[in-house]
Amino acid sequence: MAAAAVPGRAHWGLGFERRVALRFLLEGRFQTLLIIVGVAAGVAVVAYISALVGGLQRNTLEKTLGAQAHVVITPPDERVLPAWPAASDTQSLSDTQARAQRLRSLGNWQSYEHWLAERPGVTAVSPLVSGAALAQRGEASRSAAVMGVELARYDAIVGLRQRLVAGQFRLLPGEALVGQLLAADLGLRVGDRLVLNTGSRSDTVRLVGLLDYGIRDLNRRMVVLPLRSAQSLLDLPGGATQIDLRVADVWSARELAAGLARQLPYKVESWQETNAQLVSALNAQSISTTLIRAVVMVVVVLGIASVLVVSVVQKRREIGILRAMGVTQGQIMRVFLLQGALVGGLGAVLGNLLAVALIWAFTTFVRGADGQPLFVISLPASTAVQVSLMALVAGVLAAWAPARRAARMDPAQAIRL
Amino acid sequence: MNQAPLIQLQGLGKVYNPGLPAEVAVLKGLDLSLAHGEFAALIGPSGSGKSTLLNVLGLLERPSSGQYLLDGRAVQDLDDRALTQARQSTLGFVFQFHHLLPAFTALENVCLPGLARDGHVSSALRERGRALLDAVGLGHVMDRPSKQLSGGMQQRVAIARALVLEPALVLADEPTGNLDTASSDEVFALLRRMHAEVGTAFLVVTHDPRLAARCDRVIEMVDGMIASDRASAAAQP
């Protein structure tokens, strides 16, 4: 634009618009300050809520998915097939009793193991055998959920190592990891023995470690065994009753599961399907956040617009004289658009700082009963940038109508008043 | 010198609210020409159409009928952009209420037309602005915000601003209208001096017969028409 540069001074275009817009804003100091603070408050609310809900959702997901696989593959349900196809001219009245679902292995699962591990997005595969048993020690017995795993592979699915609260993290033949409440119920300590009884078979194992899943129900029932021990205990030699998968992006689990279900002769379920309520709660949260964002954005737009409308009316004469001295309609328009952008931009910077302060206050002062923060929240750079862009767009958008009005003002009339 | 007149009007009319009950014909077929470098006064009673004529000449309003040649170019059919361009390159304005931008300093106000045209203030422009402010006797206050200056000073800044891009014509609408006699004499003397030094043509609307008498030519309007157009005593050798 400006070819003839003044030494020592850079020109980045819009020189006239920039200077006039800045001066106009500085001139209406109080108004400008008020509206920037208003925009900042809006930006801070949006950024803080986004961070809070983001943190809450991450926390909820971590808690939920910490103890379960993202995708679970199980044998298809056994169904009763109609014995006689009904002839076209007869009515068939039948009453079919649903079949009892006996514990059985995924047919031919070993041949799919590697194939599954190579699916894009899959980060871990763990075959396991699970079934029910009675855990007994002396007079006491409790029902237990027996899970036979290859420890390292299962650890990759649910991060079991972090849940160990006592003993050692290992599973040799004849050893077991037990939920801490179950151990307490049976009066077990690390090193003690317990009997697992399925009705048809029983086995004696030694407790090597206590687990805390963070979920009472699991702590009260879980017994983790080596895969082979569980296979023989549950009478499924060489079998696997399910295969657990972990994926890189948790939200892609549903899609992956649907794809696998089409290709495998098994039942495939994603965590979204097993936790449908949680997913819809998370969605509802996201929708509320979007709604809050939209409302705040509208308020910000209206706030900036009202200030600029007043400013246009106040500056009629100045606009008139500028037009008389050869300032184009486009330049006048840009002066006001730039004011909107400046207000939006400054408000965004201030608002993000405010949001960081709010988040700091939340993590510092809001603590759970144990003195630990309830959950970690932070303002991701992407959110900050997104919210700032939103404020900038809101500023320009808000300035649009006042700017047009200023540009279209009849200079002769503006001067006369 | 240029042969073509700077301004040539033929049958120029201006009607407000055409077709409405409130229709008013403010200018009723004016013929007028103004040469380069002239210094003319436009006088007449209130409501005679002086300000409207000045606005039309200043390309701030469009005539309803007739022809307007500015520097040999018909301007009544130009679009807004071209009119703005023509204002920038040919015209300077001085208004009764000076209309400076209060947030800018005197020098910045003077340089504004150049800033608007080029997108930056070149050193040449700033030098010219300084020289003009020196010439109007405001060299010592050029870096003060214009709202801190007195009325007379502000009007002198406005005159410097009108001249900064070296227009062919300065249109002044009662430039001394809201000044006391002393300031008003001073400002008028300044207009004459700038005219003598720069050679810009001036058309000055005034109510003051004393000032009109100090112009080279006096055009009198009555009721939307030119009632008289004569060389004033000041122009006589």
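**Exercise 1. Which residue just after α11(A) takes a positive phi, and of about how many degrees?**

Solution. Start with the ground rules. This is a predicted model, where local features need pLDDT of at least 70, side-chain atom pairs count only at pLDDT 80 or more, and totals for chains, interfaces and linings use all residues. Residues are numbered from 1 along each chain as its sequence is written, chains are lettered from A and ligands numbered from 1 in the order in which they are written, and side-chain values use heavy atoms, with hydrogens and water left out.

Step 1. Find helix α11, residues 316-324 of chain A. Helices (H or I, at least four residues) and strands (E, at least two) are DSSP runs, numbered from the N terminus.
Step 2. Look just past the helix. Gly326(A) has a positive phi of about 100°.

**Exercise 2. Work out how far helix α11 of chain A is enclosed.**

Solution.
Step 1. Apply the cut-offs: buried is under 20% relative accessible area, exposed is over 50%, and partly exposed is in between (1.4 Å probe, protein chains only).
Step 2. List the buried residues: Glu318(A), Ile319(A), Gly320(A), Ile321(A), Leu322(A), Arg323(A) and Ala324(A).
Step 3. Conclude. Seven of the nine residues are buried, so α11 is largely enclosed by the rest of the structure.

**Exercise 3. Describe the overall form of chain A.**

Solution.
Step 1. Take the secondary structure: 14 helices and ten strands.
Step 2. Test the spread. The radius of gyration is 33 Å, well over the 22 Å from the globule rule for 417 residues, so chain A is more spread out than a compact globule. The radius is taken over C-alpha atoms, and the rule is 2.2 Å times the number of residues to the power 0.38.
Step 3. Add the box. Along the principal axes, the C-alpha atoms fill roughly 105 × 70 × 40 Å.
Step 4. Check burial. Of the 417 residues, 45% count as buried.

**Exercise 4. Classify the ring pair Phe24(A) and Phe336(A), then place it.**

Solution.
Step 1. Recall the rule. Rings of Phe, Tyr and Trp (its six-membered ring) pair if their centres lie within 6.5 Å; planes under 30 degrees apart are stacked, over 60 edge-to-face, the rest tilted. Over all chains, the count is seven aromatic pairs.
Step 2. Apply it. The centres lie 6.2 Å apart and the planes meet at 55°, so the pair is tilted.
Step 3. Locate the partners. Phe24(A) sits in helix α1 (residues 15-27) and Phe336(A) in helix α12 (residues 329-365), 312 residues apart, and the pair links distant parts of the chain. Both are buried.
Step 4. Find a neighbour. Ser311(A), in helix α10 (residues 276-314), touches Phe336(A) and Gln339(A), leaving out residues up to four places away in sequence. Contact means heavy atoms within 4.5 Å.
Step 5. Check its burial. Ser311(A) has 7% relative accessibility, so it counts as buried.

**Exercise 5. Trace the surroundings of Val247(A).**

Solution.
Step 1. Place Val247(A) in strand β9 (residues 242-247) of chain A.
Step 2. Check burial. Val247(A) is at 3% relative accessibility, so it counts as buried.
Step 3. Name contacts beyond four places in sequence. Among them are His70(A), Gly121(A) and Leu256(A).

**Exercise 6. Find the loop that holds Glu166(B) and state its phi.**

Solution.
Step 1. Glu166(B) lies between α5 (151-163) and β7 (169-173) of chain B.
Step 2. Its phi is positive, about 50°, although Glu166(B) is not a glycine. Most residues other than glycine have a negative phi.
Step 3. Glu166(B) is exposed, at 51% relative accessible area.
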